[in-house]
Amino acid sequence: MSTRFTSKRRIHSISAITAPHATPKTISDLSIYHLNGNIHDIPDNVVFSVEDYGERLNYDDPVYDRFRKDFMTNTFIFIGSELDEPSLWKYISQRRPKNDKYGTKEFRPRSFFILPDIPRAKKEILVQYNVDFIKMKTDEFAKEILTALKDTADEALNILLRTRFLDNFSKIQ
């Protein structure tokens, strides 16, 4: 089942396999990164097997590098990953675990993994990286969460556009 949402933001779909240097046209674009390729990359340009994942770890990947930098400072919602990808764990682990030893406050934004279920051990590891597990199927997440956020996201974009913030920001980049 497919759910389609409309938004004032333009969706910029980026395949890390066939267009690793692609960037959004404007800051108001909503970027969706397909870290292992997308449907248009099938059959030859998708990461699927253990060997494919191993090969990706052999070279620097500009999309994963951008992900690593953004993951340090932004909220991420991971959908469609079973958390079995060595390349993904490589970059999640660079975020460093929370340090509750001295009671220090966590300043990194929380991120979320949307999956029907994951093993308890993985849940506990994710908590250390300030990533929460949300037990949901992707279609449930789309209906219950994304639908509720749509109006808020459109309103926030309108405010930014009215203040010309996005125009000024894109000139800086």
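Here is a short walk through a few spots in this structure, which is a predicted model.

Let's start on the outside. I11, L30 and I32 together make a nonpolar surface patch of about 240 Å². One of these residues, I32, sits in strand β2, which covers residues 30-34. I32 has a relative accessible area of 35%, so it counts as partly exposed, a label for values that are neither under 20% nor over 50%.

Now for a residue that is tucked away. I118 is found in the loop between β4 (111-115) and α4 (120-128). I118 is buried, with a relative accessible area of 6%. Which residues does I118 touch, leaving aside those up to four places away in sequence? The answer is L83, K123, L126 and F133. Take L83: it is 35 residues apart from I118 along the chain, and the C-alpha atoms of the two are separated by 8.5 Å.

Here are the three accessibility values side by side.

| Residue | Relative accessible area | Label |
|---|---|---|
| I32 | 35% | partly exposed |
| I118 | 6% | buried |
| N130 | 6% | buried |

N130 has something else to show in its backbone. Its phi is near 65°, a positive value in a residue other than glycine. You can find N130 in the loop between α4 and β5 (131-135).

One last backbone detail: where is there a cis peptide bond? Look at I42 and P43, which are joined by one, with omega about 10°. P43 lies in the loop between β2 and α1 (50-56).

Technical notes. Residues are numbered from 1 along each chain as its sequence is written. This is a predicted model: local features need pLDDT of at least 70, side-chain atom pairs count only at pLDDT 80 or more; totals for chains, interfaces and linings use all residues. Side-chain values use heavy atoms; hydrogens and water are left out. Patches are made of residues with over 30% relative accessible area and no salt bridge: like charges are joined within 9 Å, nonpolar side chains (Val, Leu, Ile, Met, Phe, Trp, Tyr) within 5 Å. Accessible areas come from the Shrake-Rupley method with a 1.4 Å probe; for residues, only the protein chains shown count as cover. A salt bridge is a side-chain nitrogen of Lys or Arg within 4 Å of a carboxyl oxygen of Asp or Glu. Helices (H or I, at least four residues) and strands (E, at least two) are DSSP runs, numbered from the N terminus. Buried means under 20% relative accessible area, exposed over 50%, partly exposed in between (1.4 Å probe, protein chains only). Contact means heavy atoms within 4.5 Å.
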